[in-house]
Amino acid sequence: MKSAVLAAVVLAGVVAGAPARAQHAHAAHEHGVAELRVVAEGEALVVEFASPLDNLVGFEHPPRTPAERKAMTDAEAALRNGAGLFQPSAAANCRLADVALDSPWLQGKHHDHGHDHAHAHAEPASDGHAELVAGYRFECARPAALESLRIGLFDAFPRLRELRAERATARGQGAAVLKAGQAELPL
Ligand SMILES: [Zn+2]
């Protein structure tokens, strides 16, 4: 699996100069389940979403038909709308500063920002599965007011059943399992 390396690359791309704290072991690839990591540090709120592609588009092979290409394009557009997918506490006054997507068959441009191209792109796993990793960086004017993160992923991607979330913030570290209807992560 290259996903741990990929996650580190994406997060490093989002948070220039951050230590490679994302070098974690991913859980097993399980359809219907995805992972979310949330790190708040200073004014930065960084969200990393890693999911089997099946949760997002319903398949894990290169898009072959117009319908499959449209599904991929639509999923990418939804994922780039980070302000719609993730709503930090309003009082914290956060704005979305950066989005990075990586997956084997991105339809849009691969890079939203100017980091160099020294890394390889995600490749499909040899077992026929494939994932997508999305990284988001918010900048919050009042980070002390960050209390929760409301998550719109279940509305955007109905195939997603469960989100295994980890957070590291000024209040400490924690983990939570989120589902549709329970889609708010305490920070
Ligand atoms: Zn799969």
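This is a short chat about a predicted model of one chain with a zinc ion.

Q: What does the secondary structure of the chain come to?
A: Five helices and nine strands. From the N terminus, the order is α-β-β-α-α-α-β-β-β-β-α-β-β-β.

Q: How much of the chain is buried?
A: Buried residues account for 48% of the 187 residues. The accessible surface is about 9000 Å², and carbon and sulfur atoms hold 52% of that.

Q: And contacts between residues at least 6 apart in sequence, what share joins residues at least 24 apart?
A: 65% of them.

Q: Switching to the metal. Which protein donors does the zinc ion have?
A: His29 (NE2), His31 (NE2), Glu60 (OE), Glu60 (OE) and His129 (ND1). They lie 1.9 to 2.7 Å from the zinc ion.

Q: What spacing do the donors follow along the chain?
A: H-x1-H-x28-E-x68-H. Histidine 29 is in the loop between α1 (3–14) and β1 (33–41), and glutamate 60 is in the loop between α2 (53–57) and α3, so this pair ties together parts 31 residues apart in sequence.

Q: Is glutamate 60 buried or exposed?
A: Buried, because its relative accessible area is 11%, and the cut-off for buried is under 20%.

Q: Now α3. How many residues does it have, and what is its reach?
A: α3 has 15 residues. Its first and last C-alpha are 21 Å apart, close to the 21 Å expected at 1.5 Å a residue.

Q: Which residues of α3 are buried?
A: Glu68, Met72, Ala75, Glu76 and Leu79. They sit on the same side of α3, because they cover an arc of only 100° around the axis.

Q: Why would residues three or four places apart point the same way?
A: An α-helix has 3.6 residues a turn, so that spacing brings them round to the same direction.

Q: What is exposed on the other side of α3?
A: Pro66, Ala67 and Lys70.

Q: What do the buried residues of α3 pack against?
A: β2 (44–52), α2, α4 (82–85), β4 (94–102), β5 (131–140) and α5 (153–156).

Q: Zoom in on glutamate 76. Buried or exposed?
A: Glutamate 76 counts as buried, because its relative accessibility is 5%. It is in helix α3 (residues 66–80).

Q: Leaving aside neighbours within four places in sequence, which residues is glutamate 76 in contact with?
A: Leu101, Trp105, Leu106, Gln107 and Gly108. Leucine 106 is 30 residues from glutamate 76 in sequence, and their C-alpha atoms are 7.6 Å apart.

Q: What does the side chain of glutamate 76 have 2.6 Å from one of its polar atoms?
A: The backbone nitrogen of glutamine 107.

Key. Residues numbered from 1 in each chain as written. Predicted model: local features only at pLDDT ≥ 70, side-chain atom pairs only at ≥ 80, totals over all residues. Heavy atoms only, no water. Helix = DSSP H or I, 4+ residues; strand = E, 2+ residues; numbered from the N terminus. Buried < 20%, exposed > 50% of the residue type's maximum accessible area, 1.4 Å probe, protein only. Contact = heavy atoms within 4.5 Å. Areas by Shrake-Rupley, 256 points an atom, 1.4 Å probe, with all protein chains shown as cover. Polar contact = N/O pair within 3.5 Å; in protein donor to acceptor, adjacent residues only side chain to side chain. Donors = N, O, S within 2.8 Å, 3.2 Å for Na, K, Ca; no water. Expected span 1.5 Å × (residues − 1). Arc of directions from axis to C-beta.
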